[in-house]
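Open the model in your viewer and set a cartoon style. This tour moves from one selection to the next.

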Amino acid sequence: MISQNVKILIVAVCLLAFAYIVPQSGSFVVLLATRAMAFAILAMSVDLLLGFTGMSSMGQAAYFGVGAYLTAVLATKFHFGMGWDFWLVVVMGILLGCALASLFGLFAIRAGGVYFLMITLALGQCVWGLAYRWNSLTGGDNGINMSGRPNFGLDLGNEVTFFYLVFAFFAVSLIALFVLVRSTFGRSLAGIRERELRMQILGYNTWLHKYIAFIIAGGFGGLAGVLWAHTNGHVSPETVVLTTSVDSLLMVVLGGAGTLVGAAIGTAIVFGLREFLSTLVPWWQYALGGVYVLTILYLPMGLMGIPSRFRQRTQGKDEGAKKLATKPS
Amino acid sequence: MNTQFWVVQAFNGVSYGALLFLIGSGLSLIFGVMRIVNLSHGAYFLWGGYIALSVINFTGSWALSLPVAALAVALIGLAMERLFLRSEGLTVLRTGTIALGVGVLIALAISAKWPHLIGGAHWIQLTVLGAIATLAMYGLFSRISIVPVDTDVLRQVLLTVGFAFLFQQAALDIWGGNNMDINPPPAFTQSIVVGGVYLPLYRVFMIAMAVAIGIALWLVMEKTRMGAAVRATVDDAQMARGVGIDTNKVSMFIFALGAFLAALGGVIGGAFLGIYPGLDFEMLPLAFAVVIIGGMGSLGGAAIGALAVGLADNFGKALFPEVSYFTLYAPMVLILAIKPTGLFGRE
């Protein structure tokens with residue numbers, strides 16, 4: 001086993017190398033990396049719920065969507081958020097994500113297992129329905145086209161500058177979530193994931209813990225949405241659609257639930273595969289579907305779980321792999 | 001907004017509900033019996049419509065397309081259930097299928113990216129390359145033990161969504177991306193007049209069909225030995241196994257039945273929804289709404305849920321177009337929050 005400090009060091013070196021190499025690799029790679037990092041923040045928020053609290057949310061795209069729509073509506077209808085006030089929009093996006101999650105959480109948290117999955121699906125569809133149909137606000141099916149990115153001395157229209165901004169947000173989110181899951185609060189979440197009843201008997205208010213985790217995840221979802229809107233310059237109901245939520249779940253499972261870094265790696269792989277293959281062949285969706293099927297059947301602990309699976313195999317304890325698979329509450 | 005408006009909208013809602021019953025009842029049974037959340041159910045609906053189109057193109061018979069499409073999709077569903085949703089048996093076949101799929105994709109990718117490497121993308125090179133890749137993949141995957149999906153809801157969801165993507169892309173490759181219509185026989189395109197209101201005969205047929213299927217399902221579930229076995233499995237699979245019910249066979253039967261019903265819905269619904277890429281993920285959340293409102297595993301619940309969703313969808317679109325989907329999904333949230341098992345579901 002590698003010690004925790006060495007792991008942190010490896011991640012930090014990888015991040016710095018990433019920030020150094022990508023801007024030199026052409027505009028296509030820069031744009032791809034920017035998109036992937038914005039989405040990775042959403043995936044990490046899913047990981048906070050799935051990997052650390054044991055709640056598999058099928059509606060995380062809702063917070064992503066409100067963040068993105070907030071940015072687009074403010075920018076096009078009120079010309080707000082295109083200068084220094086961009087930072088205000090970021091704060092508003094986070095707060096809106098938190099607010100929506102605190103509302104949705106009231107309905108969702110008390111349900112467990114498959115019912116939690118269903119209720120978050122329904123909540124996500126509520127937001128999608130509004131985005132799809134509320135023409136006067138959201139532009140309906142066509143969505144909203146934004147013109148240009150904010151410029152506050154720092155011209156975000158420049159792809160590389162914008163890449164560094166999103167990279168900073170990504171790194172800060174990763175660190176913040178890492179600190180969160182290592183805190184006492186994060187430890188109690190892991191306890192709830194493992195055995196909620198035991199935590200209740202120990203006197204923890206598990207509902208409140210889950211509720212707070214849900215709200216925090218919503219906030220990160222909102223932040224990811226704000227960045228996503230500026231990355232693409234276009235927001236449509238596609239942003240909020242069910243498959244966005246499911247994609248983010250897959251990315252977490254592919255990388256390895258409960259690792260945060262795994263969520264980012266999963267996002268990078270899915271985005272890389274999709275962008276690389278879609279320029280090459282028309283059937284890239286086979287590859288995406290294949291990744292889903294193969295991950296679930298062969299890699300239940302994700303890529304980050306390969307070392308431990310391998311270790312088990314060499315020790316001849318293959319049966320134990322199943323027990324280590326991610327367990328929803 | 002006179003009486004006629006309400007009558008016509010209610011009629012449209014009920015007939016849409018009839019269609020939703022077909023797709024929702026199968027989903028509900030699959031969950032109730034097998035505890036599987038099946039996100040490829042929308043794909044079954046889409047494939048039912050597409051296969052029916054091919055049958056109509058080939059034979060010209062609309063009546064024939066109904067059973068053929070439904071049975072074909074039932075077989076697809078059966079294969080999926082046997083190979084990928086069960087953990088025991090058929091290891092060689094499962095690994096072989098996966099290896100073949102991955103192998104073909106690798107061969108196609110290489111021939112698209114580096115055609116010069118294999119001396120041009122001719123079909124001979126493609127076949128040889130595909131065969132080699134398949135064998136290599138088989139060697140690889142047969143060494144890794146599969147981790148059974150069993151009752152892990154999240155992994156079921158992701159696995160079936162993966163299949164939904166595969167089905168979607170395959171449909172696009174086979175039938176193309178155009179919006180197509182299934183034309184029912186001309187006799188169905190007329191309208192009947194009831195009390196001064198014109199009712200399209202096709203929608204009357206849809207309602208009749210759903211009622212007939214609903215009654216048939218109810219009879220099978222309540223009056224036959226198989227139905228009793230299914231109900232026992234819904235209530236307590238472990239006890240059912242204990243008293244000698246072959247729950248393996250029951251779940252096979254139910255999965256095929258669910259796929260059959262969804263495909264039937266695709267053929268019938270294709271006439272007024274059209275058949276187009278993306279229809280699968282449009283119908284899927286609606287099917288879930290039906291199941292959730294009615295309660296998972298309950299046939300009567302699915303009927304009530306389908307009616308509720310059909311009416312809510314129609315009146316929502318007519319009365320509050322801007323928030324119409326919200327008026328559909330918000331009640332679903334409320335029902336789930338108050339009674340998670342749905343109106344007629346059992347714990």
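Begin where the chains meet. Chain B brings 47 residues to the contact and chain A brings 49; two residues are in contact if their C-beta atoms, placed from the backbone, lie within 7 Å. This is a predicted model: local features need pLDDT of at least 70, side-chain atom pairs count only at pLDDT 80 or more, and totals for chains, interfaces and linings use all residues. Residues are numbered from 1 along each chain as its sequence is written, while chains are lettered from A and ligands numbered from 1 in the order in which they are written.

**The chain B side of the contact**

Select helix 4 (91-113), helix 6 (153-175), helix 11 (279-294) and helix 13 (324-338) of chain B. These are the elements giving two or more residues to the side that touches chain A. Helices (H or I, at least four residues) and strands (E, at least two) are DSSP runs, numbered from the N terminus. Now keep helix 6 of chain B: it gives the most to that side, with 14 residues. Color the chain B side by residue class. You get 36 nonpolar, 6 polar and 5 charged residues. Here Ala, Val, Leu, Ile, Met, Phe, Trp, Tyr, Cys and Pro count as nonpolar, Asp, Glu, Lys and Arg as charged, and the others, Gly among them, as polar.

**The loop and hairpin of chain B**

Go to B:Asp181, in the loop between helix 6 and strand 1 of chain B. Why does B:Asp181 count as partly exposed? Because it has 14 C-beta neighbours inside 10 Å. A residue is buried with 20 or more other C-beta atoms within 10 Å of its own, exposed with 12 or fewer, and partly exposed in between; C-beta atoms are placed from the backbone. Measure from B:Asp181 to B:Ala63: the C-alpha atoms are 15 Å apart, across 118 residues of chain.

Next, select strand 1 (residues 191-194) and strand 2 (residues 197-200) of chain B. They run antiparallel, joined by 4 bridges; strands pair if DSSP finds at least two bridges between them. B:Ser191 has B:Pro200 as its bridge partner, and B:Val193 has B:Tyr198. The two strands form a hairpin with 2 residues between them. In the turn, B:Gly195 has a positive phi of about 55°.

**The core**

Show A:Met44, A:Ala122, B:Trp47, B:Val73 and B:Ala263. Of the 219 residues in the largest nonpolar core, these touch the most other members. Such a core is a set of buried Ala, Val, Leu, Ile, Met, Phe, Trp, Tyr and Cys residues joined through C-beta atoms within 7 Å. Center on B:Val73. Leaving out residues up to four places away in sequence, B:Val73 touches B:Tyr44, B:Trp47, B:Gly48, B:Ile51, B:Ala259, B:Phe260, B:Ala262 and B:Ala263.

**Each chain as a whole**

Zoom out to chain B. It has 13 helices and 2 strands. Its C-alpha atoms fill a box of roughly 70 × 50 × 40 Å along the principal axes. Of its 347 residues, 48% count as buried.

Finish on chain A. It has 15 helices and 4 strands. Its C-alpha box is roughly 60 × 45 × 40 Å, taken along the principal axes. Buried residues make up 52% of its 329 residues.
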